[in-house]
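The exercises below are meant to be worked with the sequence and the model side by side. Try each task before reading its solution.

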Amino acid sequence: MTAITYLFFTTIKNSIKELRKKPGKLVLLLLVAVLIGFSLVGGNAGASLNEMRDPRELEAILFAFYLVMAVMLILQGLQSGATFYTMPDVNLLFQTPVHPTRVLVYGLVRQMGTSLLMGFFLLFQYTTLHVWYGVSIGGLLLIFVTYGVAVFCAQLTTMLLYIFTAGNEKRQKAVKAGIALLCGGLAAWVLVPAFGSEAPFAAIVNAASVRPLDLFPIAGWTKAAAAAAFGGGAGKLLIGFGAAAVYCLGFILLITRAHVDFYEDVLQATEVSFNTIAAKKEGRIQTVPTKVKVGKTGLGGGSGSAVFFYKHQLEDRRAKSFLLDGTSLLMAAMILIVSWFVRGSGLLPIFALGIYCQIFSTMAGRWIRELTLPYVYLIPEPPAKKLWMLCRQNLLKVAVDALIVMLPAGLVLGAPAAEIAAAIAARAGFGVLFMAGTILNERLFGGMTNKILVMIFYLLVMLTIAAPGIVLGTIVGMTLGGSLAAGLLVTLGWNILCSAAIMYLCRGLLDNAET
């Protein structure tokens with residue numbers, strides 16, 4: 001047995017043994033298995049639509065999903081680098097008398113497993129895919145595998161580009177310009193036929209499902225392979241996986257032949273990744289500024305716990321995000337684009353999509369990071385007041401986000417003014433509820449280092465709290481003749497009531513650091 005083979009299988013064996021010492025991970029695995037089982041059973045038990053949706057819709061959605069994921073990974077890796085290794089590899093494996101090519105193969109094999117784990121959430125979409133598009137369990141597994149292949153190809157591309165552009169700003173700009181030009185041409189190919197069409201969404205689906213797009217790097221190949229899951233045929237499967245295999249082998253040869261000591265270039269990226277993970281486990285917030293520019297200094301106002309409100313404003317101004325960051329603006333643009341393509345479907349589906357996206361954007365923020373720092377506990381003021389001041393800036397973000405997302409979407413959909421106003425208020429209410437849920441999550445599980453388990457509990461708690469308001473709003477809306485505005489206002493009242501109760505119960509969260 002070679003050293004690399006021994007290391008690989010020993011790592012797997014130790015990971016299994018670790019479950020006995022960390023029951024939280026075992027509970028997580030069991031919970032995930034149960035949820036996946038419910039999804040599979042529910043999908044098979046659910047009644048399929050009398051008329052299945054066009055499978056080309058799913059093909060276009062997968063293409064866009066794989067493309068956005070690959071571009072984001074590549075652009076992020078150009079700045080911070082990409083790595084397949086950990087710091088123990090740097091300290092032990094890199095210093096052993098093992099050929100660099102074998103070290104690379106070890107990293108690639110392990111990274112492929114990591115790429116598959118990144119797509120684990122796709123297994124929960126079985127019910128929707130089965131009911132709408134008739135995707136079987138085998139088809140879902142194929143989509144899951146193609147996602148892992150797409151992530152792996154993107155990370156391999158990032159690693160090679162980082163090796164050849166590290167420290168050379170002109171090369172990095174050239175790569176970014178090439179990616180922008182390629183994506184711009186693709187966007188023109190897909191979106192131009194939609195303008196002036198009576199069915200813009202159908203026009204986009206037709207443009208995104210043509211055979212030439214199967215040859216588009218990464219996203220096209222994996223989309224073609226995944227299309228075999230819903231009627232694409234074995235030909236697309238062979239073309240997709242064959243192209244991805246040739247692509248990966250070619251890039252591996254470039255790395256090994258053109259730059260044998262490749263792991264010297266990923267050393268910094270490995271260290272940055274290790275420090276970031278360590279900081280998250282220890283509850284620290286680690287930021288490494290690349291460019292520092294001195295501007296206006298000072299908070300500009302506030303005393304006592306009110307300084308946190310002005311501090312957050314100052315940090316947002318320095319980050320050039322003001323009230324909304326890049327992620328919120330991207331989600332708003334995505335919802336607006338979807339609204340334009342599904343004109344005539346009503347405001348409710350777009351509102352539901354916006355709430356789904358809002359769950360994940362509300363959990364992050366400067367306000368929740370303050371709970372990991374000691375300064376808020378040292379201010380001699382009532383804990384409830386300090387908690388309010390921490391939330392104050394984010395409450396403004398929630399209100400502005402609701403206005404920016406729902407107002408343009410409602411106008412594009414041609415919804416009545418009453419429905420648009422109710423949707424804005426209801427989205428703000430859900431934002432407040434998600435903030436309260438985040439505080440409750442910190443109160444109950446703030447000390448847990450397994451953030452995935454905490455996230456699952458958070459989603460379950462939010463679903464449990466919001467469900468009665470959604471059901472009550474549906475009943476009231478149907479009673480009043482299908483009034484969407486009335487139903488949304490009922491959910492707003494329920495969410496505000498639950499948020500106030502949670503905030504009251506958690507008012508002592510900042511009483512002491514141990515809490």
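**Exercise 1. Follow helix H18 from end to end: at which residue does H18 bend, and by about how many degrees?**

Solution. This is a predicted model, and the helix to follow is H18, whose axis bends by about 40° at Arg392. Next, compare its reach with expectation: H18 covers residues 383-413, 31 residues in number, and the distance from its first C-alpha to its last is 44 Å, close to the 45 Å expected at 1.5 Å a residue. Finally, step past the end of the helix, where Gly414, just after H18, takes a positive phi of about 70°.

**Exercise 2. Classify Leu411 and Val412 of H18 as buried, partly exposed or exposed, and find how far their C-alpha atoms are from those of Leu336 and Ser339, respectively.**

Solution. Begin with Leu411, which is placed in helix H18; its relative accessibility is 60%, and because the cut-off for exposed is over 50%, Leu411 counts as exposed. Val412 is also placed in helix H18, but its relative accessible area is 27%, which lies between the 20% and 50% cut-offs, so Val412 is partly exposed. Then turn to the distances: the C-alpha atoms of Leu411 and Leu336 are separated by 9.8 Å, with their positions 75 residues apart along the chain. For Val412 and Ser339, which are 73 residues apart along the chain, the C-alpha separation is 6.6 Å.

**Exercise 3. Does the span of helix H7 agree or disagree with the expected value, and how many of the residues of H7 are buried?**

Solution. Helix H7 runs over residues 137-165, and at 1.5 Å a residue its 29 residues should span 42 Å; the end C-alpha atoms are 42 Å apart, so the two values agree. As for burial, H7 is mostly covered, since 23 of its 29 residues are buried.

**Exercise 4. Which residues of the largest nonpolar core touch the most other members, and which element gives the most to this core?**

Solution. The largest nonpolar core has 50 residues, and those touching the most other members are Phe63, Tyr66, Leu67, Leu129, Ile143, Cys153 and Leu186. Two or more residues of this core come from each of H3, helix H6 (126-133), H7, H8, helix H9 (200-208), helix H10 (219-226) and H11. Among these, H7 gives the most, with 13 residues. As general background, nonpolar side chains tend to be buried together in soluble globular proteins.

**Exercise 5. How many residues line the second largest pocket, and how do they divide into nonpolar, polar and charged?**

Solution. The second largest pocket holds about 270 Å³ of space, and its lining consists of 15 residues, with Ile74, Ile179, Leu182, Pro217 and Ile218 nearest its centre. Sorting this lining by type gives 14 nonpolar residues, one polar and no charged. At least two lining residues are supplied by each of helix H3 (55-80), H7, helix H8 (169-191) and helix H11 (234-258). Among the residues nearest the centre, Ile218 deserves a further step: Ile218 lies in the loop between H9 and H10, and has a positive phi of about 60° although it is not a glycine. Its relative accessibility is 6%, under the 20% cut-off, so Ile218 counts as buried.

**Exercise 6. Are Ala225 and Gly473 buried or exposed, and how far apart are the C-alpha atoms of Ala225 and Asp214, and of Gly473 and Val490?**

Solution. Ala225 is placed in helix H10 and has a relative accessible area of 1%, so it is buried. Its C-alpha atom and that of Asp214, eleven residues apart along the chain, are separated by 8.9 Å. Gly473 lies in helix H20 (residues 451-479), and is likewise buried, at a relative accessible area of 5%. The C-alpha atoms of Gly473 and Val490 are separated by 5.0 Å, and these residues are 17 apart along the chain.

Note on methods:
Residues are numbered from 1 along each chain as its sequence is written. This is a predicted model: local features need pLDDT of at least 70, side-chain atom pairs count only at pLDDT 80 or more; totals for chains, interfaces and linings use all residues. Side-chain values use heavy atoms; hydrogens and water are left out. Helices (H or I, at least four residues) and strands (E, at least two) are DSSP runs, numbered from the N terminus. The expected span of a helix is 1.5 Å times one less than its number of residues. Buried means under 20% relative accessible area, exposed over 50%, partly exposed in between (1.4 Å probe, protein chains only). On a 1 Å grid over the protein atoms alone, a cavity is a set of points where a 1.4 Å probe fits but cannot get out, and a pocket is an open set with protein on both sides within 12 Å along at least five of seven lines; lining residues have an atom within 4 Å of a point. Grid points are joined across faces, edges and corners, and a volume is the space filled by probe spheres set on the points. Ala, Val, Leu, Ile, Met, Phe, Trp, Tyr, Cys and Pro count as nonpolar, Asp, Glu, Lys and Arg as charged, and the others, Gly among them, as polar. The bend at a residue is the angle between axes fitted to the seven residues ending there and the seven starting there. A nonpolar core is a set of buried Ala, Val, Leu, Ile, Met, Phe, Trp, Tyr and Cys residues joined through side-chain atoms within 4.5 Å.
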